[in-house]
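Here is a small set of exercises to work through with a structure viewer open. Try each task yourself before reading its solution.

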Amino acid sequence: METLKPLSDFFTAIENDYRISPMHIAIYAALLQFRSVKGFVNPIFVFSSEIIVIAKVSSANTYHKCIQELHQYGYLKYRPSFKKTRGSEVYFLFSPEADV
């Protein structure tokens with residue numbers, strides 16, 4: 001299925017990356033789920049509270065740490081907004097339409 005390709009590509013990329021924990025995987029998968037609900041747009045605009053619920057993460061600090069690490073490791077591009085009325089930008093790099 002083409003809709004699973006970004007997740008499959010992510011799993012292939014992290015196969016030998018010891019830095020990636022189950023929490024990183026949960027957050028990445030939750031971001032992909034959020035993206036699918038929004039019509040597979042790239043980038044997506046997200047609030048941490050939306051992703052925390054989907055990923056079953058109990059701490060906003062854990063979410064922020066993991067999403068920043070996913071950005072640092074090159075699995076996605078994250079641009080925090082620091083505004084209450086605008087979600088942070090998340091670009092998927094393992095996607096045919098990623099134009100970052």
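The exercises below go through the core, the aromatic rings, the charged side chains and two single residues.

This is a predicted model, in which local features need pLDDT of at least 70 and side-chain atom pairs count only at pLDDT 80 or more, while totals for chains, interfaces and linings use all residues. Residues are numbered from 1 along each chain as its sequence is written, and side-chain values use heavy atoms, with hydrogens and water left out.

**Exercise 1. The core**

Find the largest nonpolar core and say which element gives the most to it.

Solution.

Step 1: Apply the definition: a nonpolar core is a set of buried Ala, Val, Leu, Ile, Met, Phe, Trp, Tyr and Cys residues joined through side-chain atoms within 4.5 Å. Here, buried means under 20% relative accessible area, exposed over 50%, and partly exposed in between (1.4 Å probe, protein chains only).

Step 2: The largest such core holds 24 residues, and those with the most contacts inside it are Ile27, Leu31, Val46, Ile51, Leu70, Leu76 and Val90.

Step 3: Now map the core onto the elements, where helices (H or I, at least four residues) and strands (E, at least two) are DSSP runs numbered from the N terminus. Two or more residues come from each of helix H1 (5-14), helix H2 (22-37), strand S1 (44-46), helix H3 (48-55), helix H4 (60-72), strand S2 (76-79) and strand S3 (88-92). H2 gives the most, with six residues.

Step 4: Take Val90 as a sample. Leaving aside neighbours within four places in sequence, Val90 is in contact (heavy atoms within 4.5 Å) with Leu31, Asn42, Pro43, Ile44, Val46, Ile67, Leu76, Lys77 and Tyr78.

**Exercise 2. The rings**

Work out how many aromatic pairs a search of the whole structure finds, and which parts the pair of Phe10 and Tyr75 ties together.

Solution.

Step 1: Rings of Phe, Tyr and Trp (its six-membered ring) pair if their centres lie within 6.5 Å; planes under 30 degrees apart count as stacked, over 60 as edge-to-face and the rest as tilted. The search finds four pairs.

Step 2: Phe10 and Tyr75 sit edge-to-face, 5.5 Å centre to centre with 85° between the planes. Phe10 lies in helix H1 and Tyr75 in the loop between H4 and S2, so this pair ties together parts 65 residues apart in sequence. Phe10 is buried at 0% relative accessible area, and Tyr75 is buried at 6%.

Step 3: Tyr28 and Phe92 are also edge-to-face, at 5.8 Å centre to centre and 80° between the planes. Tyr28 belongs to helix H2 and Phe92 to strand S3, so the parts they tie together are 64 residues apart in sequence. Tyr28 is buried at 0%, and Phe92 is buried at 0%.

Step 4: Put the rings together: ring pairs link Phe10, Phe11, Tyr28, Tyr75 and Phe92 into a cluster.

**Exercise 3. The charges**

List the three salt bridges, and say which ring face Arg19 lies over.

Solution.

Step 1: Side chains of opposite charge can pair when their charged atoms come close. The cut-off for a salt bridge is a side-chain nitrogen of Lys or Arg within 4 Å of a carboxyl oxygen of Asp or Glu.

Step 2: Arg19 bridges to Asp17, with the closest N and O atoms 2.8 Å apart. Arg19 is partly exposed at 34%, whereas Asp17 is buried at 12%.

Step 3: Lys65 and Glu69 meet at 3.2 Å, N to O. Both lie in helix H4, four residues apart, about one turn of the helix.

Step 4: Arg79 and Glu89 meet at 3.9 Å, N to O. This pair links distant parts of the chain, with Arg79 in strand S2 and Glu89 in strand S3, ten residues apart.

Step 5: A charge sits over a ring if NZ of Lys or CZ of Arg is within 6 Å of the ring centre and within 35 degrees of the ring normal. Arg19 lies over the face of Tyr73, 3.9 Å from the ring centre, and Lys77 lies over the face of Tyr91 at 5.8 Å.

**Exercise 4. Two single residues**

Decide whether Arg35 is buried or exposed, and find what Gly87 touches.

Solution.

Step 1: Arg35, in helix H2, counts as buried at 2% relative accessibility. The Arg35 side chain reaches the backbone oxygen of Val41 at 3.0 Å.

Step 2: Gly87 is in the loop between S2 and S3 and counts as buried at 8%. Not counting residues up to four places away in sequence, Gly87 touches Phe45, Val46, Phe47 and Ser81.

Note on methods
A polar contact is a pair of N or O atoms within 3.5 Å; within protein, one must be able to donate a hydrogen and the other to accept it, and residues adjacent in sequence count only if both atoms are side-chain atoms.
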